[in-house]
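Please open the model in your viewer, with the sequence panel beside it, and follow the selections below in order.

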Amino acid sequence: MQTFKHTLGALALAALAFTGTAAQAQAVNNGTFDSDLSGWTTGPLPGSPGLTDVDWLAGTALFNAGTDRLAQVISGLVAGTQYSYSFSYASNAATSVGGIRLNFGGAAYNPPIETFAGTAGKLVTITDTFFATGSGNLIMAFRGAAGSIATLDNVSITAVPEPETYAMLLAGLGAVGFMSRRRKNLGA
Ligand SMILES: [Ca+2]
């Protein structure tokens, strides 16, 4: 029983160490558009003036035009770190017109500027990674593609754990297994 408790404790420690590293994740505020567009900027941002607003609809952001734009400043990026981003979007079910453009800007500038064509009435999830070239803030901006009627949901950015982190976790688990076996042998 004692061995079991020790093993549990060590496992918890290993998990904690792992979570600690993953917690560098850059949180997107209200990426699920739960009840409104709070946390997002719908007006113009530096470098892209004059763009119009985005509407909120049933837990999603709704783009009505190619000029509709939604942006958020993601802070605390670390130069040289790889980040994973993800979002779901769909074009309007009735028209199948629409899509989303994603644009990264700001101090930690490493842009893909990509356009994703929509699938009518079906949420498609896009996941990709990028490296931060500088430390600081990143502006994550979505824009409706030309002629767009599109919905956006589930936006997230997280730091990708480095290979050393996985190696440390595996080493930790290995040590736990070793100690567990050793205690069993001693107890026998
Ligand atoms: Ca949602």
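Begin with the whole chain of this predicted model: among contacts between residues at least 6 apart in sequence, 78% join residues at least 24 apart. Colour the chain by secondary structure, and you should find two helices and nine strands, which run α-β-β-β-β-β-β-β-β-β-α from the N terminus on. If you then colour by burial, buried residues make up 27% of the 188 residues in the chain.

Next, select β8, residues 136–144. Is this strand enclosed or open to its surroundings? Seven of its nine residues are buried, so β8 is largely enclosed by the rest of the structure.

Keep β8 on display and add β3, residues 69–77, which pairs with β8 in the antiparallel sense over seven bridges. To find your place in this pairing, label Ala71, which stands opposite Ala141 in β8. Now add β5, residues 99–105, whose pairing with β8 is also antiparallel and extends over six bridges; here the residue to label is Phe104, whose bridge partner in β8 is Met140.

Move on to β4, residues 82–91, and show it together with β7, residues 124–131. These two strands run antiparallel and are joined by eight bridges, and Ser84 can serve as a landmark, with Thr129 of β7 as its bridge partner. Then bring in β9, residues 150–159, which is likewise antiparallel to β4 and joined to it by eight bridges; along this pairing, Ser86 stands opposite Ser156 in β9.

With the strands in place, turn to the side chains and select the largest nonpolar core, which has 32 residues. In soluble globular proteins, nonpolar side chains tend to be buried together. Which members of this core touch the most other members? They are Ala61, Phe63, Ile100, Met140, Ala150 and Leu152, and showing them as spheres gives you a set of reference points for the core. The elements that give two or more residues to this core are β2 (60–63), β3, β4, β5, β8 and β9, so that several strands from the earlier stops come back into view here.

For the last stop, centre the view on Ile100 and display its contacts. Leaving aside residues up to four places away in sequence, Ile100 touches Tyr89, Phe116, Phe142, Gly144 and Ala145, together with Ala150 and Leu152, both of which are also among the core members that touch the most others.

Terms used. Residues are numbered from 1 along each chain as its sequence is written. This is a predicted model: local features need pLDDT of at least 70, side-chain atom pairs count only at pLDDT 80 or more; totals for chains, interfaces and linings use all residues. A nonpolar core is a set of buried Ala, Val, Leu, Ile, Met, Phe, Trp, Tyr and Cys residues joined through C-beta atoms within 7 Å. A residue is buried if 20 or more other C-beta atoms lie within 10 Å of its own, exposed if 12 or fewer, and partly exposed in between; C-beta atoms are placed from the backbone. Helices (H or I, at least four residues) and strands (E, at least two) are DSSP runs, numbered from the N terminus. Two residues are in contact if their C-beta atoms, placed from the backbone, lie within 7 Å. Two strands pair if DSSP finds at least two bridges between them.
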